[in-house]
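I opened the structure to look up a few things about its chains and their contacts. My notes are below.

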Amino acid sequence: MQNYDLVVIGGGPAGMAAALKAAECGVESIVVLERAETLGGILEQCIHTGFGLHYFGEELSGPEYASRFIELFKDTNIDIKLDTMVINVEPDEGKNIITAVSKAEGLVDYCAKAVILAMGCRERPRGALNIAGTRPAGIMTAGTAQKYVNIDGYMPGKKVVILGSGDIGLIMARRMTFEGAEVKVVCELMPYSSGLQRNIVQCLEDFNIPLRLSCTVIKIHGKDHLEGVTIANVDENRRPIMETAEYIECDTLLLSVGLIPENELSRSAGLQIDNITSGPIVNQDRETEFRGIFACGNVLHVHDLVDYVTGESQIAGAGAAKYIKGLADNDPEYINTKGINGVRYIVPQRINLNGDEDVKLYFRVGQVYRKANVKVTCGDVVISNKKKPKLAPGEMENVVIKQEQYKDFDRNSEIVIEIVEG
Amino acid sequence: MVYDVAIVGAGVIGSLIARELSKFNLKTVLVEKCNDVAQGTTKANSAIVHAGYDAIPGTLKAKLNVEGSHMMSSVCDDLSVPYKKTGSLVVAFSKEQMKTLEELLERGRKNRVPQLEIIGKERLLEIEPNVNKDAYGALFAPTAAIVCPYELCIAATENAVSNGVELVRNFEVKSIDFENGEFTLNSDKDSIKAKYVINAAGVFADTLAGMIGDNSFSITPRKGEYVLLDKSMAGVVSRVIFQCPTKMGKGSLITPTVDNNVLIGPTSVDVEDKDDLATTDEGTSFVQKQVALSVPEFRIRNIITSFSGLRAHSNTDDFVIGQSEANPHFINVAGIESPGLSAAPAIAKYVEKILLSLIGEQEIKADFDPLREKPVRFREMSPAERREIIKKNPAYGRIICRCETVTEGEIIDAIKAPAGARDVDGVKRRTRSGMGRCQGGFCGSKVVAIISRECGIPLEEITKFGGESTMLIGRTK
Amino acid sequence: MKRELVCVACPLGCGITVELSDSGEVLSVTGNTCKRGEAYAHSECTNPTRSLTSTVKVTGSTLPVVPVKSAGPIPKGKLIDCAVALRDVTVKAPVKIGDVVVKDILGTGVDIVATNIAEVK
């Protein structure tokens with residue numbers, strides 16, 4: 001058994017920022033448990049730029065963004081255990097047990113006053129889509145291809161179809177093009193892309209790669225290796241319109257059809273999971289319903305910008321520090337946040353009205369809106385009502401609720417965010 | 001070199017026959033056209049050990065099903081393959097169907113199936129609370145079980161190879177010559193000589209028999225589509241749930257798997273192409289609708305994957321097992337469709353007897369070992385066992401597949417095993433790496449790298465399942 | 001003449017409207033929410049540029065490739081040519097972040113620099 005004040009599970013952007021913040025807030029014994037052989041998480045394979053504009057005020061690549069944080073660890077006494085996989089978390093207030101395995105140390109139980117869950121997310125695989133046809137080689141998630149190309153230096157194929165217009169898919173369209181592949185089309189089931197607008201412009205439009213909205217892959221062809229796919233437009237119920245079916249020859253199908261927070265550990269620990277975010281339910285400190293267990297980054301909800309992950313993880317790190325030092329509020333009074341009329345989810349899901357800082361609520365909408373209002377209310381009180389030129393499911397929004405406002409909210413009410421059109 | 005026996009086809013039938021023959025001082029070769037064993041019907045079927053009430057009394061199917069079902073648990077024990085005696089239920093939804101159950105019960109008794117009984121609605125809902133409340137009753141067969149068919153095949157091959165059988169992969173028999181009492185099996189590149197040939201070629205058994213002029217039967221590939229559901233669905237049923245057969249067909253089944261997933265299916269459609277393993281939208285939605293009749297509350301969520309398999313349906317409607325009329329040294333083991341898996345251990349014994357009747361009784365080798373050691377399964381170990389095994393070999397301390405908790409050590413074991421894995425799917429079937437909810441998204445590239453390192457094959461030559469199924473085309477630069 | 005653009009300067013992706021004279025001069029820029037947006041609109045309408053990211057081969061390292069980026073914007077029309085040129089570049093470990101891998105790539109005046117470390121094997 002190894003004892004720590006704080007165990008951070010995951011050494012990606014979330015885990016790093018949380019651990020560093022906790023150390024900065026005075027937590028003395030911290031360990032970061034990371035399954036890869038380096039810190040940095042998924043950033044290591046995201047070699048494109050676009051990271052850090054908010055946080056560092058400059059445009060960095062993924063590895064550069066990660067290295068800024070990795071460097072900071074040198075001046076701390078945070079322990080880092082690499083190549084170490086956590087296989088179990090057993091919540092027990094003040095003395096949680098985290099079991100991890102590694103080649104170097106074998107099976108180790110860590111006992112921690114507080115735990116920060118920062119396991120990130122994973123990509124949705126083909127099986128979940130249930131596409132008809134054969135099961136050849138040549139079908140993989142965009143992220144797997146990204147690792148092959150950017151880390152291992154290998155190409156999966158030369159003629160590429162991408163299903164799903166998530167950011168990784170868009171980024172890989174450009175990346176494969178730079179490495180000499182022909183990206184034939186990006187198909188998106190929904191009538192809008194879930195990726196960032198800038199990626200549609202600079203990853204697709206710049207290279208004349210067609211983006212077909214309301215279109216999907218309906219059949220896979222090829223016995224041993226992928227030989228082609230049949231794509232078709234879909235109707236408003238997302239059912240394929242067979243008359244539009246079209247065969248496209250390709251040797252690679254990349255899937256970029258969504259990310260799922262990696263919450264197996266959270267689930268088996270007994271944490272309550274939000275059905276929409278697929279992450280734990282947390283308060284404004286990113287503390288779960290189990291005191292002393294925090295969650296941040298993509299394990300909590302999928303972010304589109306790493307800068308936001310960093311910010312959120314610092315909140316969790318500070319929250320954990322407060323808890324460890326015994327400064328946390330022992331009699332929290334919670335009310336829930338609730339998204340209606342187009343707001344799919346809000347994080348945090350509940351707010352302690354005795355909090356001493358302003359609270360930023362992050363949310364996502366379920367469809368594209370132009371010139372709509374974001375209205376925030378609590379009971380009869382309208383907290384804010386701001387016009388937005390554009391709201392899209394691919395872009396996370398936020399509203400701030402001031403401490404002096406929420407401290408007086410009715411304890412039996414809830415904070416509601418909604419979209420008002422027109 | 002001339003082998004005594006060449007078994008063509010390393011599915012569950014060929015592998016179990018090979019294992020039986022490995023007891024003797026015979027030079028036996030197991031010939032497989034794919035890069036791994038268990039690549040045909042064996043890898044995609046219902047994974048059920050039927051009790052034996054279904055087959056018509058007096059047929060080989062009936063005889064060998066009941067015998068095989070009885071033998072299965074000890075064979076699985078010897079080979080360290082998971083086997084769970086879950087029992088099965090055939091559910092009736094009308095008075096008329098209850099009559100059909102009576103007929104099945106009667107047939108079962110004639111086939112000497114033990115412990116069969118018809119149970120009423122109350123008892124049915126008590127033991128399977130998620131079954132449709134409109135059910136009238138069910139035929140309960142407590143001796144039915146579930147196994148993992150490809151694991152059984154892999155384990156049987158391993159055991160056979162450990163006892164001296166040779167496995168030749170990537171050898172597709174294209175023609176057969178017979179001269180001076182010896183067969184020559186020819187592929188495009190090579191040939192293998194043997195005195196006796198056992199035809200366990202699955203859906204291709206008629207093609208193989210045709211090569212020696214035996215056209216006494218024909219095999220139609222009958223496709224069955226399945227949907228596999230995530231472990232979070234586990235517990236929805238605890239037994240194999242069949243629907244009462246009607247004029248419209250046998251219906252679909254829902255069953256737990258030995259790995260705690262839930263399997264639903266199959267469809268039943270005759271196809272022309274013996275390589276046609278494509279799934280269809282019609283198939284998957286048919287299966288889902290059909291299963292909803294048995295378990296209505298059950299919403300199909302958390303689909304991990306769908307797949308299809310081909311049953312080797314013979315025009316004789318029964319197993320075709322015996323010496324070929326065209327050449328008595330050529331033994332057909334064909335038309336092994338359901339209850340083929342259930343019958344498999346008995347089929348192997350039956351074929352052994354036929355062979356011994358031709359070559360004379362053989363002594364069992366002194367060093368024959370019927371047991372196959374259980375591979376390390378990190379996910380099933382206690383913390384103390386885990387500590388111990390990592391101390392012995394640190395490779396068990398690196399988890400490669402996080403969904404199924406598979407370690408690097410287990411993957412290396414799977415590659416180094418007798419008749420070990422040579423490709424990504426081979427590692428997956430032996431270790432479950434890549435079988436979880438992320439379907440290899442995280443571990444896929446790591447497995448490719450480990451195979452490359454352990455087998456000394458460049459990354460771009462590693463395949464998903466042999467042939468042209470390479471994962472990568474070459475370096476970016 | 002009006003041109004509608006999506007700003008790629010940062011992930012916000014603001015919609016920008018640029019009014020252009022017949023000779024292609026930028027008359028006005030609206031819809032941007034920051035200075036970078038205005039600069040982007042000017043550049044996009046007169047001399048469109050992009051930053052390039054890729055990898056180059058590295059020898060003597062634990063890694064087969066090391067990621068790189070252009071130290072500044074490259075004319076959009078030269079992006080693919082520069083990416084192709086990088087396929088023949090090899091660097092030797094150790095590599096540090098910021099190391100110049102190619103100086104003045106294809107005469108653009110822009111250097112290609114490493115964006116990650118590559119340690120010696």
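These entries cover the chain contacts, one strand pairing, the domains of chain B and one helix.

Entry 1. I note before starting that this is a predicted model.

Entry 2. I looked up the contact between chain A and chain B, and I found 39 residues of chain A in contact with 45 residues of chain B. On the chain A side, α3(A) gives the largest share, six residues. I sorted the chain A residues of this side by class and got 15 nonpolar, 12 polar and 12 charged.

Entry 3. I then checked for strands that pair across these two chains. β12(A) is joined by two bridges to β23 (474-475) of chain B, and the two strands run antiparallel. I wrote down one partner: Met155(A) is bridged to Gly474(B).

Entry 4. I turned to the contact between chain A and chain C, which takes 22 residues from chain A and 20 residues from chain C. Here the largest share of the chain A side, four residues, comes from α5(A). By class, I found seven nonpolar, nine polar and six charged residues on that side.

Entry 5. I looked up how chain B is divided, and I found domain 1 (2-42 + 149-218 + 316-359), domain 2 (85-145 + 220-312) and domain 3 (378-461). The C-alpha centres of domain 2 and domain 3 of chain B are 33 Å apart.

Entry 6. How many residues of helix α1 (residues 12-21) of chain B are buried? I found that 10 of its 10 residues are buried, among them Gly14(B), Arg19(B) and Glu20(B). The elements that cover the buried residues of α1(B) include β1 (2-8), α5 (149-162) and α8 (340-359) of chain B.

Conventions:
Residues are numbered from 1 along each chain as its sequence is written. Chains are lettered from A and ligands numbered from 1 in the order in which they are written. This is a predicted model: local features need pLDDT of at least 70, side-chain atom pairs count only at pLDDT 80 or more; totals for chains, interfaces and linings use all residues. A residue is buried if 20 or more other C-beta atoms lie within 10 Å of its own, exposed if 12 or fewer, and partly exposed in between; C-beta atoms are placed from the backbone. Two residues are in contact if their C-beta atoms, placed from the backbone, lie within 7 Å. Ala, Val, Leu, Ile, Met, Phe, Trp, Tyr, Cys and Pro count as nonpolar, Asp, Glu, Lys and Arg as charged, and the others, Gly among them, as polar. Domain bounds come from an automatic or database domain assignment. Two strands pair if DSSP finds at least two bridges between them.
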